[in-house]
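Trainee: I would like to take a close look at a single part of this structure and then follow its connections outward. Could you walk me through it slowly, in connected prose?

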Amino acid sequence: STLYVLPPGFVESSCRSRIFWMKLNKLLLQGKFFQLEIYDPYAGPVLLDEKLASRCGYVLSEDVWGNPIFRASVLGCHVANEADELFSLTVNIKVSSFSSMRAAVTYTYPMYCSYPSWAPREIVCEENYMEVSVKTDVPAVSNGYTVAWMSALPETQNVAYQQWQLMFVSPSGRKRITISDAVKLGYSFNNTLSRVYLRAPYHSNESDVSVVSGVNMNMVTSTSMYRQRWLLLLIDTTVSCPVDGISFTDTKITWTVPIVIPTLVVQESTFLSKNIVMGVDDQVIVNPEEKNYLLEHNETHIRITIPIGAEEGKLKSSISGGVYGVIYRIDLFLEHTWTDAGWQTTKYTVVKSITTPFMPQIPTVINNTVPEERLFNVEFGHFLLDVSLVAIAIGNVPFTPREAQYHGFKIYETFFSNRTKGFILEVSFDDPYVLKEYVNRNETKYTLLVNYTLSVGPEMTLYYHSAEVECVIADIELPEASGYCDEQNLYLTLPTFGLHKYWNLYLGNKLLNQHVALTNGYLAATNSTHLILQIPLFAAGVIYEEVSFQKIKARFDVALRKVRTMETLQMFSISCRFNSSAFIICHPDGTVVVSAQMKTVPAIDMSKIKLRDSSCKPKEYNEAHAFFKFHVTTCGTSVRFEGDHIIYENEISYEKEILPGQSIPTITRDPDYRLTVLCYYQAKETLVLGALVSDSATSPPFGSGTMVPRSNTAAYRRVRRALNVVSRVSKDESFMEFYEPNKAILKRSVEPVFLEVELKDENPNVELYLENCWVTRSLDFNSTPRWNITVEGRVALIINAPTSKA
C-alpha cells in the first residue's frame, strides 16, 4: 500500500493524562472499510485485533454516531518511551473500498504524549483491560524473553542474568508462572526505566469477582517476583476494577464506584482520599455543577450523576421493533487519588463508556390547522437531527419530498431549543388527494391521510408512521328557496348547487324526481343555477289550508334531505290565496268541498239546490255559484270500486218546478238540473277512521275530484251506499274510556292495544268484516316497517316491535 496525506478533519487526537486518544471522522470514510495497524519501530506494522488490544493496552470502539475511537496506554506494547516522560506511538490507518482491504490507502499518524508526574502506584481500568504500574528501582528484564514487542525496550535494560516470575492468587489456589507463560494467557508484564507494570484482561482464569459496597469488582491478585543470586524482590501488582455500578432512570445516568477497594488498601485505617476528578472523553470537567452534573462521595462511594442528553454525550436515533427511540452514550472517566500507609499515593483511573438502553420516543402529530385558511398545517416530531424525511404518502399516493413540493405540498423542517426537529406539512383542503365528506347541516369534513417514511440514525433505518388529521368547517351554504303564485299555479325556485350531491328534494316520502313531477302534473325546469317547480293549484301534493266560498288558501311543501341519511334539513313551502269560482277538493279524511258553477237559463233558485240527501243544502251561494261541504259517509254519498280506485259519488240537483198556469197544459222546467260530484281515492289509501290519522306535513295525497253534469239516466247505475263505520281505541280493557279521535297514540311493543270497530247501520243484510290493522313507527300510514295487529280478520302476533304509533 502507498502512504497518503491525511484529509483535513479526518483525525482528531489528544493526550489525556497517560492515555493516547484518537477519533476518526466516519463521514470521511464514506462507507469504506478501514483497519488500524500499530507501528512497531523494530518489527514494522502489527494489525490491531481484540486479543492484541487487551494485552497491549489498546482500545478500539466507536461513539454513538459510529465514529471510530482509538485509545492507548502510554505503557502500551509498541509505545516508544523516553525516560518515562515522553511517549510516542505511530498508527497506520488503512482505508479500502473492499472488505478484503485490497488496494488500500494507508495514512500514517504519529501521536505524542508527555507524562512526567507518575504516582508511586497507578491503576487504569479501561474497557477491555486492567493495568497497574508501580514505581521501583529494579534490575532490567532478561533478554531470554524474546517476544517481538520486547525489542522496543532500551538496550541498557537488557541484562542477561535476570529472571521474573508472577504469582497469582485466585479461588482455585496459587499459581506461579513465567513471564512467557503469562503472555500466552493474555497478560502483559514488563518494566521501564523506573516502573514495573502488569496488564490483565477482564475475567481471566486467574481473576475473581467480589462485591465492594454493592459494586461488582473484577480483581487479579498477583505478586511479581524477581530473583538474582542472593536477592529476592517481591512487588504487589494486584489490580481491581469495577465491572458494573451503572443505573438509569428516564432522565439520569448514575455511575457508582467504591471509594475504598480493600484489595488495594491494606490498612484501611490509614486511607485518605486526596482528590477526585471526573471528565468526559479526554477533557476534565472542572465545575461539574455548571453542567448539571453531580459528583459526590461519602465514606463508601463515589457517585457521578449525568442528565441524559447532556451536551458532552451523544444522542442517537434508533428503531427497535418498529418503534422510534433514542440511545444516549457518554464516555466518562474518573480519577481518584488517595494515600495509605502501604502505598503512599495511588492514582486510580476508570474509563467508562456508558450507553443507555433503548428509550422509546413516540413521535407526535400536532394539528396546527387554521380552518379559515383552508390549509392543513401538520407538525410531525420531535426527532433528533440524525432523522431525515425520505418519502411521504398523501391519501396512499407516494411522493418523494421533491415530488411533493412540485405537486404543491409544502414540506419544511422546524428546529426546537432542545436540539430536536420536526417536519411541517401544508396541504390545501381543495387538493384532490384530500378526502371530503359532507356532514351535519352545512359542513364538510376534510381528512388528510399521511404516511411518513423517515431515515433514522447513522444506520439509516427506515421508519414508518401514519397519521390521520381531520377538520370540519361550515363551508356549504344551505339553499334558500323563494316562491310566488299566479292565478292557477304555485311556483318554487331554489338553487341547484349541491342538489343530488349533498341533498335531495322529497315530496312526503317520495324522491321528487322528473318522473314524480310528470306523474303529478308538475312542470320542472332548470337553468345553470336554479330549479323552478310549477305546481298547478289542484295537483296532487297541494295542501289546502283554508277553503271557503270561491276562495282557497293552498300550500305546497318539499323537504330538503341529506342524500345518505335521509335526515330532513329544511322544509321549503310556498303558500298563496286563490280566487276560484269552481272546484272540488277531496280531503284525505273524507271531507269533500265543492264550489259549483250553476249557470242556467232561466236562473234557478239557489236556495233550493241540494245533494242526494235533501237535508244537505249549500253552505253559501250567490246567483251563479253554490258552496257545499260534506263527508263521504253523509248526504247520501255512494261508493263504488273501479280497478285500484274507490270512487265516492253524490249529486247536486234541482227538482222540477211546476209553474202555475191558468189552464192546461202545465209549464215546467225540463229537464231537472243535476251535477254529479265524484271523488277518487287510491284503494291503498283508503280512508282510515278513528285513531289513525296523520298530520298535514306527511299526509297521503288528496283524492282527486271531478264534477260532471249528467242526465237522469246516469242515476240508475249500480251504486253502493257508504256505511257508517266508527273505530276507537280504548285506554284499557274496560272499553269505558277512549283516546281522542284523530290523534296519534304511542305504544310500546309489550303493551296491548284495545281496538273497537263498530258498524252503525240498521240494514240486516250488512255485516262488518275487519280486514287489516297495523302499527307503524311514524304518523305516515305508508311508512315501513309496519307490524300487523290483524291480518284478514285474524289476530297477528307482534314480536320485538319497537315503540310504535297506532
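Mentor: Let us begin with strand β9, which spans residues 86–96: eight of its eleven residues are buried, so the strand is largely enclosed by the rest of the structure. Please keep in mind throughout that this is a predicted model. When a residue is called buried here, its relative accessible area is under 20%, whereas an exposed residue has over 50% and a partly exposed one falls in between.

Now look at the strands that pair with β9. Strands of a sheet pair through backbone hydrogen bonds, and the pairing may be either parallel or antiparallel. Strand β4, made of residues 33–40, pairs with β9 in the antiparallel sense over six bridges, and if you want one place to fix your eye, F33 has S96 of β9 as its bridge partner. Strand β8, residues 80–82, also runs antiparallel to β9 and is joined to it by three bridges; here E82 is matched with L86 of β9. These two strands, β8 and β9, form a hairpin with three residues between them, and in that turn A83 has a positive phi of about 60°. Strand β10, residues 105–114, is antiparallel to β9 as well, and ten bridges join the two, with S88 standing opposite Y112 of β10.

Strand β10 also leads us to the disulfides, of which a search of the whole structure finds six. One of them is formed by C15 and C113, whose sulfur atoms lie 1.4 Å apart in the model. This pair links distant parts of the chain, since C15 sits in strand β2 (residues 11–16) and C113 in strand β10, with 98 residues separating them in sequence. The two ends of the link can also be described by their accessibility: C15 has a relative accessibility of 30% and therefore counts as partly exposed, while C113, with a relative accessible area of 4%, is buried.

A second disulfide takes us back towards strand β8, and it joins C56 to C77 with an S to S distance of 2.1 Å. The torsion about the S-S bond is -95°, and the link of C56 and C77 is left-handed. C56 lies in helix α2 (residues 50–56) and C77 in the loop between β7 (68–73) and β8, so this pair ties together parts that are 21 residues apart in sequence. Both ends deserve a look in turn: C56 is buried because its relative accessible area is 0%, and C77 is buried because its relative accessible area is 5%.

With those two links in mind, you can move further along the chain to another disulfide, the one that joins C616 to C635, where the S to S distance is 2.0 Å. The torsion about the S-S bond of C616 and C635 is about -90°, so this disulfide is left-handed. It links distant parts of the chain, with C616 in the loop between β50 (591–597) and β51 (620–621) and C635 in the loop between β52 (625–631) and β53 (638–642), 19 residues apart. Both of these cysteines, C616 and C635, are buried. If you count the bonded cysteines along the chain, the disulfides follow the pattern 1-4, 2-3, 5-6, 7-8, 9-12, 10-11.

For a comparison with β9 and its partners, turn to another sheet, an open one in which four strands follow the order β40-β41-β45-β44 with antiparallel pairing. Its edge strands are β40 (482–485) and β44 (523–526), each of which pairs on one side only, and the twist averages 15° from one strand to the next. At one edge of this sheet, β40 runs antiparallel to strand β41 (residues 489–495) and is joined to it by four bridges, with S482 standing opposite T493 of β41.

Finally, consider a single residue within a strand, T254, which is found in β22 (residues 252–258). Its relative accessibility is 17%, so T254 counts as buried. Once its neighbours within four places in sequence are left aside, T254 is in contact with G245, I246, S247, R303, I304 and T305.

Terms used. Residues are numbered from 1 along each chain as its sequence is written. This is a predicted model: local features need pLDDT of at least 70, side-chain atom pairs count only at pLDDT 80 or more; totals for chains, interfaces and linings use all residues. Side-chain values use heavy atoms; hydrogens and water are left out. Buried means under 20% relative accessible area, exposed over 50%, partly exposed in between (1.4 Å probe, protein chains only). Two strands pair if DSSP finds at least two bridges between them. A disulfide is a pair of cysteine sulfur atoms within 2.5 Å. Axes are lines fitted to C-alpha atoms, for helices over the stretch in contact, and angles run from 0 to 180 degrees between N-to-C directions. Contact means heavy atoms within 4.5 Å.
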